[in-house]
Amino acid sequence: MPDPAALPPHASAPAEALAALEAGPEGLTSAAAAARLARHGPNRLPGRQRPGLARRFAAQSRSLLVQLLAVAALALGVLGHAVDAGVIAAVILLNAGIGLYLEQKAEGALAAVVALLAPRARVLRDGRRQEVAAESLVPGDVVAVEAGDRVPADLRLLEAQALRAQEAALTGESLPADKAVPAVAAAAPPGDRHCMLHAGTVVVAGTGLGLVVATGAATEVGRIGVLLGAVTRSETPLLRQIARLGGWIAVAVLGFAVLAFLAGTLLHGQPAGAMLLAAVALAVAAIPEELPALVTVTLAVGVGRMARQQALIRNLAAVETLGSVGVICSDKTGTFTRNELVADRVSIGRHRLVASGTGYGPEGSLTLEDGAVPPAELLGTLLPALVLCNDAELARGAAGWTAVGDPLEAALLALARRAGGDHAAIRAAQPRRGAIPFDAVRRWMAVRQADALLLKGGPEAVLPLCTRQWDVAGDQPLEAASWLAEAEAMARSGRRVLALARRSEPAPEAPLEPAAVAAGGFTLVGLVGLLDPPRPEARQAVAECRAAGIRVVMITGDHPATAGAIAAAVGLARPGRVLTGADLPGEALRQGAAGVDVFARVAPEQKLALVEALQAGGPRGDQVVAMTGDGVNDAPALARADIGIAMGIAGTDAAKAAAQMVLADDNFATIAAAVREGRVVADNLRKALLFALPGNGGEGLVVLVAAVAGLTMPLAPLHLLWVNLVTTVALSLALAFEPAEAAVMRRPPRAPDAPLLDGLLLRRILVVSVLVLAGVFGVFTWARAGGSSLAEAQTAAVNVLVLFQAAYLFNVRRAAGSPFAGLGTAAARPVWLAVTGTLLLQLAFTYAPPLQALLGTAAIGVGLWAAVAAVTLVLFLLVEAEKRWLEVPGRQRPE
């Protein structure tokens, strides 16, 4: 067994890594591999156990409100009111079904991570190379890889020839990583382990031989999968507050129901059965049965609006959460940037050139800094250096131009085309006579042509081999210090820098060897700066978020200099200070979360810890945090954040499955639009509560007063169900379509712990409840005194309640100002449809024989209608008077 105290594989020499695993460079025998497979298990990630369908369905009914409704339905069934009981039971089942459906859609992140492991691998077994299922790999196996392979396990390299791997999904590094055999420091993060290939990454160039040092859950990507499986998703602020509100309402309703029962039986001597029915009626009246439907529809309308803006919501509750977001943690690669290299700066012959254009297509140009066309002699020297010392190709497909081979070299070809060069024609005219591939140790690539040797590589490797520099007027002595300063300036701006050089060489006979290049004598052609550019719209989106009081934080696995440069380019508040994962132990993590906006070289577990630190770092220790990302390395943090936002185009399946929202266009600006819609949804939910709860409070108060005072009930249980589930829902749904308020993105985020029942709502519940009590009892008593039957009086009382709520809808649409503002616009169409539909329903409630038989109603005459209309108008004006009172300076105004 390996020594636990031994150095990790990336810090060990190849011979030491082999010895630690009791393996050899010729690989394992089949028998040894079988024994290790039995010990370590297959090279795959463990699945997550999920509860059964019945348990998940039952979990949807944990709310006290739902449980109280279930008890009410049971009581009604026992008392023989089967219709009432059936209606309530149907409401409970419908809400549970919706919740289960949404939960089903949110699963799958772990399965997406599992899919990253390669299905097959080329391995040395029994002294020969053979292809086996990747699941059968074990520590100690020796695996061969080449360009195009997905790495099947974590490998410690034993051999590497011009090897590069694309690790963006794991580390956040946008450029392919150069790979080499020499060991690195034990503390090096995954992005700096140049002697390792990690499972799930892709080899983009070269070949290699690697020792399997970890499989399945022990790999870096496996560790992320296990971390993701252990993440507990944050419950959204909306769900937490709805649960608390439901609990308060349930306790209050239960208390009032017991009070009504005791008052009726003990004070007035009413039969227990009758008072039990009255208590159930009170519960049905006061419990907002329509609340789940209101929340669901309001959120669904927000989902539809966001979808039209390319933001796809996977979890309805996440819509409202966006309105409370105080921090957006964003990955860099593919989120702020395009995840597509562009060669945009060139220094050559004392000239600086600027390239326009994005991607790998030919669109764009190469000009001098002042916009002038570069001299022909300059381009004649630059183009061959870009094209000939280069193994990449460009391909055009349905999605546009793409890189075939190393993206860095493809960016050089794209630059040549923007300079007017035809890379195919240049290559045909100057065929290659020999080549030395790029090597991570030498850090250069060399190509021999008929009369010259071309060199490309890092400035620190190429400049020592140069003695002169190219100039339009003729080669000049090399000014090495100034070129190194130029390279450092490009690097500080977040660019990868390449140096290009050439040496005249008349048709040599000997094969090209590294020693011939190491002899030096080259002429420096120039430097090229390559950048994964910021998205053009990212800066404006960041500015919008900051204006809305939202802090934007970059968390990336990329290099600190690159992260800082991109942070400055997109306008983060504090781009100058960059912390790395190595800087974040213990207390430094909490302090960094509070005062730093750029984090680089951050491992997946550190991203997760940063999200948790930010969540705990709000004014009251409860900050709503959104996390954006596209890689496997982002998945645990996406799952833990209050709302995870994945990129739809460049994002991995793991990131999309872990997130609650997916940006279909990978556009960071869509986040600002989604936050705006989230705030609109939050406003409209508040309006819906402001509309629904006072009505339920008034209905409950009517039943309570009648029971305690021993009076005839103005509203029967089925009448209350009709009001709550038919007319109230029809009216309140109109509020889901209300447009945004003018200042919705010019105010700070709503505090996550801000109560749903604030002072305004509590006062409104009290005021409207008393008005409903007075109006319903007033019309009911007046009707009975005038000789109307009980059915007619109750019908009139229900119509007062419904018509007042229709009028109250106009009160609620605008927290301040005229209730009729904007009613002539298209945005008010849902209001008019809702009011018209409600009036038609009430006419059917009053006059349709089937509903009269089912609900116990009766037709009423003109006199009762006049009383209903008069009371409705008075109640409407009284609510408006209360609103105007709130508008007096110094008094509390609604948000």
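## Burial and overall composition

Of the 895 residues in the protein chain, 55% are buried. The structure is a predicted model, and its protein chain contains 32 helices and 27 strands. The surface exposed by the protein chain amounts to about 34700 Å², of which carbon and sulfur atoms supply 62%.

Contacts within the protein chain often link distant parts of the sequence: among those between residues at least 6 apart, 72% join residues at least 24 apart.

## Strand β4 and its partners

Strand β4 spans residues 154-166 and is mostly covered, with ten of its 13 residues buried. Its pairing with strand β7 (residues 202-214) is antiparallel and comprises ten bridges. Within this pairing, E159 of β4 lies opposite L209 of β7.

Strand β4 also pairs with two other strands. Strand β6, at residues 196-197, runs antiparallel to β4 and is joined to it by two bridges; here L155 has L197 as its bridge partner. Strand β5, at residues 177-178, likewise pairs with β4 in the antiparallel sense, over two bridges. In that case A165 stands opposite A177.

## Nonpolar cores

The largest nonpolar core holds 118 residues, and the members that touch the most others are F336, L572 and M661. Helix α26, covering residues 669-709, gives the most to this core, contributing 16 residues. A second core, separate from the largest one, has 39 residues. Its members include A343, V387, L415 and W470.

## Helix α23

Helix α23 runs over residues 604-615. How far apart are the end C-alpha atoms of this helix, and what span should its twelve residues have? The expected span is 16 Å at 1.5 Å a residue, where the rise is multiplied by one less than the number of residues. The end C-alpha atoms of α23 are 17 Å apart, which agrees with that expectation.

Which residues of α23 are buried? They are P604, K607, L608, L610, V611, A613, L614 and Q615. The buried set thus holds K607 and Q615 alongside residues such as L608, V611 and L614.

Notes. Residues are numbered from 1 along each chain as its sequence is written. This is a predicted model: local features need pLDDT of at least 70, side-chain atom pairs count only at pLDDT 80 or more; totals for chains, interfaces and linings use all residues. Side-chain values use heavy atoms; hydrogens and water are left out. Buried means under 20% relative accessible area, exposed over 50%, partly exposed in between (1.4 Å probe, protein chains only). Helices (H or I, at least four residues) and strands (E, at least two) are DSSP runs, numbered from the N terminus. Two strands pair if DSSP finds at least two bridges between them. A nonpolar core is a set of buried Ala, Val, Leu, Ile, Met, Phe, Trp, Tyr and Cys residues joined through side-chain atoms within 4.5 Å. Contact means heavy atoms within 4.5 Å. Accessible areas come from the Shrake-Rupley method with a 1.4 Å probe; for residues, only the protein chains shown count as cover.
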